[in-house]
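Here is a colleague's note for someone meeting this structure fresh. Please read it with the model open beside you.

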Amino acid sequence: MAPLTRSRSYNFVPQPHAALYYSQRATKGGFLIGEASGVSNTAQGYPNTPGIWTREQVEAWKPIVNKVHEKGGIFFCQLWHAGRVSNYGYQPEGKPPISCTNKPIRKDIDNNDAAAANKYPPPRRLSTNEIPTIVNDFKVAAKNALEAGFDGVEIHGANRYLLDQFLKDKVNDRDDEYGGNIENRCRFPLQVVKAIADEIGADKVGVRLSPFADYNDCEDSNPQVLGIYMAESLNQLGILYCHMIEPRMVKELNKSDTTKWSLMPIRKVFKGTFIVARGYDKCEGNDAIANGDTDLVAYVLILRSF
């Protein structure tokens with residue numbers, strides 16, 4: 001199951017009803033990726049999203065994870081920092097959200113200029129000496145996730161959030177060792193992955209990436225090269241899986257395929273388990289696995305009552 005933002009974790013603490021939500025979707029041997037969970041008090045960007053940085057949050061996750069395990073499911077916690085996709089109301093002391101840049105988001109996910117200006121104020125550019133602190137926040141959050149009972153963690157490096165902001169050359173305008181060429185832009189996300197792998201074991205670590213996406217004007221000029229570089233780098237760290245979002249755009253009742261980009265070059269490079277997401281139905285997913293395009297397919301699992 002793909003990670004899905006629920007916005008039901010009041011005061012950023014997971015609630016008891018989440019145990020029912022996740023256990024309903026758990027099956028023996030089934031793999032669930034939890035909703036994005038903030039790694040620190042600067043990580044939040046939406047109302048009522050959960051965290052994994054406090055003792056209260058860790059304790060609240062434990063019975064939820066237990067319910068999934070009772071059904072025989074495998075459960076990973078997705079670690080997240082929103083970066084500039086936030087505003088003063090979600091930040092400690094009402095300060096600006098942090099990012100690789102001080103450039104505000106010009107267009108929101110629906111390409112609405114006015115909405116973006118209202119929702120996302122200018123962020124604060126992280127200084128070089130602050131970055132190790134954020135790396136440590138991710139590492140501590142990963143340790144907390146395992147203490148809460150999760151089987152591993154997925155590092156959210158996709159969908160316009162903090163790590164993705166560093167990766168993409170149309171957002172990252174730094175001139176230090178964390179900006180400029182592809183090696184520099186990937187340095188911080190890879191430091192996060194290495195720190196977590198060293199802390200909890202690379203066999204318990206996955207990474208989600210979306211090099212082709214341009215949400216909130218978080219875009220790269222050569223996403224294929226970016227995806228391949230990250231896949232090669234993740235190989236060196238020996239992580240369990242890479243979770244890639246397809247370049248096609250899929251909305252309800254509408255699917256727009258692209259012939260310009262493909263995940264296959266990245267698939268061929270990455271040596272661990274490869275997971276694809278975005279708009280697969282059952283037949284398409286089975287075909288993708290049968291054709292060797294991927295090892296696993298992530299689905300959005302929504303239960304409806306009629």
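**Notes on the model**

1. Asparagine 216 is buried, with a relative accessible area of 2%. Asparagine 216 sits in the loop between S7 and H7. Its backbone deserves a look: phi is positive, about 50°, although asparagine 216 is not a glycine. Keep in mind throughout that this is a predicted model.

2. A second residue belongs with this point. Serine 7 has a phi near 55°, again a positive value in a residue other than glycine. Serine 7 is placed in the segment before helix H1 (18-24).

3. Next, helix H7, which covers residues 223-237. Does its length agree or disagree with the expected rise? At 1.5 Å a residue, the 15 residues of H7 should span 21 Å. The end C-alpha atoms are 21 Å apart, so the length agrees. Just after H7 comes glycine 238, with a positive phi of about 70°.

4. Which residues of H7 are buried? They are Pro223, Gln224, Leu226, Gly227, Met230, Ala231, Ser233, Leu234 and Asn235. What do they pack against? Three helices are on the list: H5 (162-167), H6 (182-200) and H8 (264-269). Two strands join them, S7 (205-209) and S8 (241-245).

5. Leucine 234 gives a closer view of that packing. Not counting residues up to four places away in sequence, leucine 234 touches Leu190, Val193, Val207, Leu209, Ile239, Cys242 and Phe270. Leu234 is also one of the residues that touch the most other members of the largest nonpolar core. The others named with it are Tyr22, Leu79, Phe138, Ile155, Phe188 and Ile196. This core holds 67 residues. H6 supplies the largest share of it, eight residues. Another core, of nine residues, lies apart from it; Ala36, Ala82, Ile105 and Tyr161 are among its members.

6. Valine 207 is found in strand S7. Valine 207 counts as buried because its relative accessible area is 3%, under the 20% cut-off. Among its contacts are Glu154, Ile155, Val193 and Leu234. Ile239, Tyr241, Cys242 and His243 are also touched by valine 207, with residues up to four places away in sequence not counted. The C-alpha atoms of valine 207 and tyrosine 241 are separated by 6.6 Å, yet the two residues are 34 apart along the chain.

7. Now strand S3, residues 74-80. Six of its seven residues are buried, so S3 is mostly covered. S3 pairs with strand S1 (residues 31-33) in the parallel sense, over three bridges. In that part of the sheet, isoleucine 33 stands opposite phenylalanine 76 of S3. S3 also pairs with strand S6 (residues 152-157), again parallel, over four bridges. Here cysteine 77 stands opposite valine 153 in S6. S2 and S3 run parallel too, joined by two bridges. Glycine 38 has tryptophan 80 of S3 as its bridge partner.

8. Glutamine 44 lies in the loop between strand S2 (37-38) and helix H2 (55-70). Is glutamine 44 buried or exposed? At 1% relative accessibility, glutamine 44 counts as buried. Its side chain makes a polar contact, at 2.6 Å, with the side chain of threonine 49. Leaving aside neighbours within four places in sequence, glutamine 44 is in contact with Phe12, Gly38, Thr49, Pro50 and Trp53, and also with Trp80, Ala82, Ser86, Tyr90 and Gln91. Gly38 and Trp80 in this list are the bridge partners met in point 7.

9. Last, the cysteines. How many disulfides are there? The count comes to zero. Why is cysteine 218 without a bond? The closest cysteine sulfur, in cysteine 100, is 7.6 Å from the sulfur of cysteine 218, too far for a bond. Cysteine 218 counts as buried, at 2% relative accessibility. Cysteine 242 is in no disulfide either; its nearest cysteine sulfur, that of cysteine 186, is 12 Å away. Cysteine 242 is buried, with a relative accessible area of 0%.

Definitions and conventions:
Residues are numbered from 1 along each chain as its sequence is written. This is a predicted model: local features need pLDDT of at least 70, side-chain atom pairs count only at pLDDT 80 or more; totals for chains, interfaces and linings use all residues. Side-chain values use heavy atoms; hydrogens and water are left out. Buried means under 20% relative accessible area, exposed over 50%, partly exposed in between (1.4 Å probe, protein chains only). A polar contact is a pair of N or O atoms within 3.5 Å; within protein, one must be able to donate a hydrogen and the other to accept it, and residues adjacent in sequence count only if both atoms are side-chain atoms. Contact means heavy atoms within 4.5 Å. The expected span of a helix is 1.5 Å times one less than its number of residues. Two strands pair if DSSP finds at least two bridges between them. A nonpolar core is a set of buried Ala, Val, Leu, Ile, Met, Phe, Trp, Tyr and Cys residues joined through side-chain atoms within 4.5 Å. A disulfide is a pair of cysteine sulfur atoms within 2.5 Å.
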